[in-house]
Amino acid sequence: MSTTTRAAVVESGGAPFTLSEVVLDQPGPGEALVRMVAAGLCHTDLGVASGALPFPLPGVLGHEGAGVVEAVGPGVTSVEPGDHVVLSFTSCGGCRNCRDGHPAYCATWLPLNLIGGRRADGTSTISRDGQDLGGHFFGQSSFAERALVDERGLVKVDPDVPLDSIAPLGCGVQTGVGAVWNVLEPGAGSTLLVLGAGAVGLSAVMAAALTPATTVIAVDKVAARLELAKELGATHTVNASEVADIAEAVMEITGGQGVDGAVETTGSVFVLRKGVDSLAARGTLVIVGAPPFGTEVSLDVNGMLGGKRVVGLTLGDNEIQTAIPVLVQLVKDGKLPLERLISRYKFEDIDRAVADMSDGTSIKPVLTF
């Protein structure tokens, strides 16, 4: 049986979000109907809404959802009605990377999550006035009061933790955390650099504070965000608008040695290059920020011969059924102070949330339903 609900629809690239009545298909095999309680707003949503990515519009976005399961389709066994869930990305479950515990590198990740707008079998999940809309965004399209979600992207969580406090775990937070824990894996005395103090960068700072790293440098242009980075675990900060060269400032902090690991969250190739130049011998830079498709960066080849590495990353390379419950517990215990990043908005105020995120007023807007 189909479900009528209200969703924030993007009519065309660059258009605002418009609240509209839509119809969700009935839950199919491996799907669940979820009543949304909260949904984080991410820069990826804004990029798609602007028309920068080939997602089919009109469509429904949203990929940091949290809610309560209302119904399940055939074959669903991991959740049941009444369960509290965080919604994350989906994956096929059968390719080599999925089987090896790396579903963020699923062979069908792009069409299933970012640009397809439909289920893997080509059928639509959302319609309006009899016309199919782009949906199935990250297997969820959670900018709606109800969402049809792939079981592969559902994580059952502790019902005692408020869902509006953990919705961002679905994408941005786990990305920043995973960059530190899963790729850089800092050892005792490690030095880390976080480029950009937005939601992903500050999540990386919080993750670094839970490791044996002894130097954590945060870089941004906004003084208030750098102050917050200090409160969340950064030992040093660099205001990029006040220094002549980011890499020189980092070298000064590290006594000319450079950093063991860096996380680039801004999507700027200029900043990325400065991050590489800030690496110590055998240091690693993790690319998290995503500029437009086709963007290239130049590197000093001889400068790379000291064992430096540059690694791309999607969604923290997390296996979500393992990672997200751990993050929820850390939030519950006060060890991952995610609340410091969150600003809440009513669902009806989604365009104000977009504006506040775009101008830097809000680090992590969370819509509440």
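So, β6 and strand β10, residues 154-156: three bridges join the two, and they run antiparallel. If you want a spot to click on, take Leu 87, which stands opposite Leu 154 in β10. Before I go on, keep in mind that this is a predicted model.

Now, β6 has another neighbour to talk about. Strand β5, residues 65-72, pairs with β6, residues 84-87, again in the antiparallel sense and over three bridges. On that side, the residue to look for is Gly 67, which stands opposite Val 85 in β6.

Okay, next the open sheet. Five strands make it up, and going across you read β4-β1-β2-β7-β8, with antiparallel pairing. Which strands stand at the edges? Those are β4, at 59-60, and β8, at 131-132; each has a single partner strand, so one side of each is left without a neighbour in the sheet. For β4, let's look at the pairing with β1, residues 3-10: the two strands are antiparallel and share two bridges. One pair to pull up there is Val 10 with its bridge partner in β4, Gly 59.

If you carry on along the chain from β4, you get to the loop between β4 and β5, and that's where Glu 64 is found. Here's one for the room: is Glu 64 buried or exposed? Well, the relative accessible area comes out at 0%, so Glu 64 is buried. And what does the side chain of Glu 64 reach? The backbone nitrogen of Gly 172, at 2.9 Å. There's also a side-chain to side-chain polar contact, between Glu 64 and Lys 364, at 3.0 Å. For a sense of scale, pick Asn 239: Glu 64 and Asn 239 are 175 residues apart in sequence, and C-alpha to C-alpha they sit 30 Å apart in space.

Last stop, the surface. There's a nonpolar patch there formed by Val 269, Val 297, Leu 299 and Val 310, and together these residues have about 240 Å² of accessible area. Let me zoom in on Val 310, which lies in strand β16, residues 309-312. How much of Val 310 is accessible, in relative terms? The value is 32%, so we call Val 310 partly exposed. Patch residues need over 30% relative accessible area, and Val 310 has 32%.

So, to put two residues side by side on your screens: Glu 64 is buried, while Val 310 is partly exposed. That's what I had, happy to rotate things around if anyone wants another look.

Conventions
Residues are numbered from 1 along each chain as its sequence is written. This is a predicted model: local features need pLDDT of at least 70, side-chain atom pairs count only at pLDDT 80 or more; totals for chains, interfaces and linings use all residues. Side-chain values use heavy atoms; hydrogens and water are left out. Two strands pair if DSSP finds at least two bridges between them. Helices (H or I, at least four residues) and strands (E, at least two) are DSSP runs, numbered from the N terminus. Patches are made of residues with over 30% relative accessible area and no salt bridge: like charges are joined within 9 Å, nonpolar side chains (Val, Leu, Ile, Met, Phe, Trp, Tyr) within 5 Å. Accessible areas come from the Shrake-Rupley method with a 1.4 Å probe; for residues, only the protein chains shown count as cover. A salt bridge is a side-chain nitrogen of Lys or Arg within 4 Å of a carboxyl oxygen of Asp or Glu. Buried means under 20% relative accessible area, exposed over 50%, partly exposed in between (1.4 Å probe, protein chains only). A polar contact is a pair of N or O atoms within 3.5 Å; within protein, one must be able to donate a hydrogen and the other to accept it, and residues adjacent in sequence count only if both atoms are side-chain atoms.
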